[in-house]
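Me: I have a model open on my screen and would like to know what lies behind the labels. Could you take me through a few of them?

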Amino acid sequence: MQQYLELIQTIIDTGSWQDNRTGIRTLSVPGAMMRFDLAKGFPAVTTKKLAFKSVVGELCAFLRASRSAADFRALGCKVWDQNANENKQWLENPYRLGEDDLGPVYGVQWRQWPGYKVLDADQAAQIADAQKNGFTLVAPLEEDGVKKVLLYKAIDQLRECLDTIICNPGSRRILFHGWNPAVLDAVALPACHLLYQFIPNPTTRELSMCLYVRSNDLGLGTPFNLAEGAALMHLVGRLTGYTPRWFTYFIGDAHIYENHMDMVQEQLKREPFPAPQFRISDRVPDFAKTGKYQPEWLELVEPSDFSLEGYEHHAPITAPMAV
Ligand code: THF
């Protein structure tokens, strides 16, 4: 995790102070990248304690398309409570369904991206093709006097990525997106980590992934999101018969909140420990051993299926999250 500490140092050396929605200033740099070789270990922060249980709880909630902070809590992750229940703008948003609701955040887009088509009613071949691909007819409508039909499909982007890793691993289109412009007005927080691309190497059976994060809080979010992305690579690798390899992590606005400066300065004084190993329990079927593709384990996996082995870390440090 030397790269994490180096990025913190870069922000301290070259960043500029910015105002933002939270009212707590950030020291920010525009654009950053880190690249981890997962063959050498798991990218867990060691200069403070990683909230690992919370990380894998959040991942399981995303995989189940959860939109309620209560579901995240039930899986061991409390980090969504404040965004669900303490942000004044969100509390007044008509799309908020009540206590704990977050709107159609991450997992809803990953697993149930709302896909619509408006087709001319006389384009029978197009309508049949769409229906063959899982779109259902919702309603007839008229646009500028032309008869049309509206079709809908909840697109399971993540499942489609796994299918493609299995069937067409040479594809350079194996990605899923969390940024849905049609729902930005209806979520507690627009996705921060938003574009995931898998790059399998069918020759070496290694799986790499690139992740783009539009805005990242180096103090709290980055260690969390890094661990979560790496855990996802391990899970997808297990279910498709690949070994996780390169994890490249791009950040748009890379920042440190003003009230996190002590936390990051303290971490810079600490000597990092070697990276731990990541384990997924044998309960989760290994495609490489069974030859059987079981993508339903994306939903069946539990936080307790994930663990770290040999995780040495410095004393925990916490700091408040800006809402
Ligand atoms: N808002 C802000 N300001 N920063 C973020 O990193 C962030 N997120 C998510 C949404 N909004 C955000 C929420 N994710 C922690 C970790 C991840 C978060 C939010 C907060 C956090 O406080 N971590 C502590 C304790 C965790 C625990 O005990 O469960 C830690 O020490 O890691 C970025 O995705």
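Reply: Happy to; we can go through a helix and then two pockets. This is a predicted model, where local features need pLDDT of at least 70, side-chain atom pairs count only at pLDDT 80 or more, and totals for chains, interfaces and linings use all residues. Residues are numbered from 1 along each chain as its sequence is written, and side-chain values use heavy atoms, with hydrogens and water left out.

Me: How do you know that the span of helix 2 agrees with its 12 residues?

Reply: The expected span is 1.5 Å times one less than the number of residues. For helix 2 (residues 52-63) that gives 16 Å, and its end C-alpha atoms are 17 Å apart, which agrees.

Me: What makes helix 2 largely enclosed by the rest of the structure?

Reply: Buried means under 20% relative accessible area, with a 1.4 Å probe and protein chains only. In helix 2, 11 of the 12 residues are buried, so the helix is largely enclosed. Among them are Phe52, Val55, Leu59 and Phe62.

Me: How much space lies in the largest pocket, and which residues are the closest to its centre?

Reply: About 1,100 Å³ lies there. Of its 42 lining residues, Val79, Asp217, Leu220, Gly221 and Met321 are the closest to the centre. A lining residue has an atom within 4 Å of a point of the pocket.

Me: And which element gives the most to the lining of the second largest pocket?

Reply: Strand 10 does, with four residues. The space in the second largest pocket is about 420 Å³.

Notes
Helix = DSSP H or I, 4+ residues; strand = E, 2+ residues; numbered from the N terminus. Buried < 20%, exposed > 50% of the residue type's maximum accessible area, 1.4 Å probe, protein only. 1 Å grid on protein atoms, 1.4 Å probe; cavity = no way out; pocket = protein on both sides within 12 Å on 5 of 7 lines; lining within 4 Å. Points joined across faces, edges and corners; volume = space filled by probe spheres on them.
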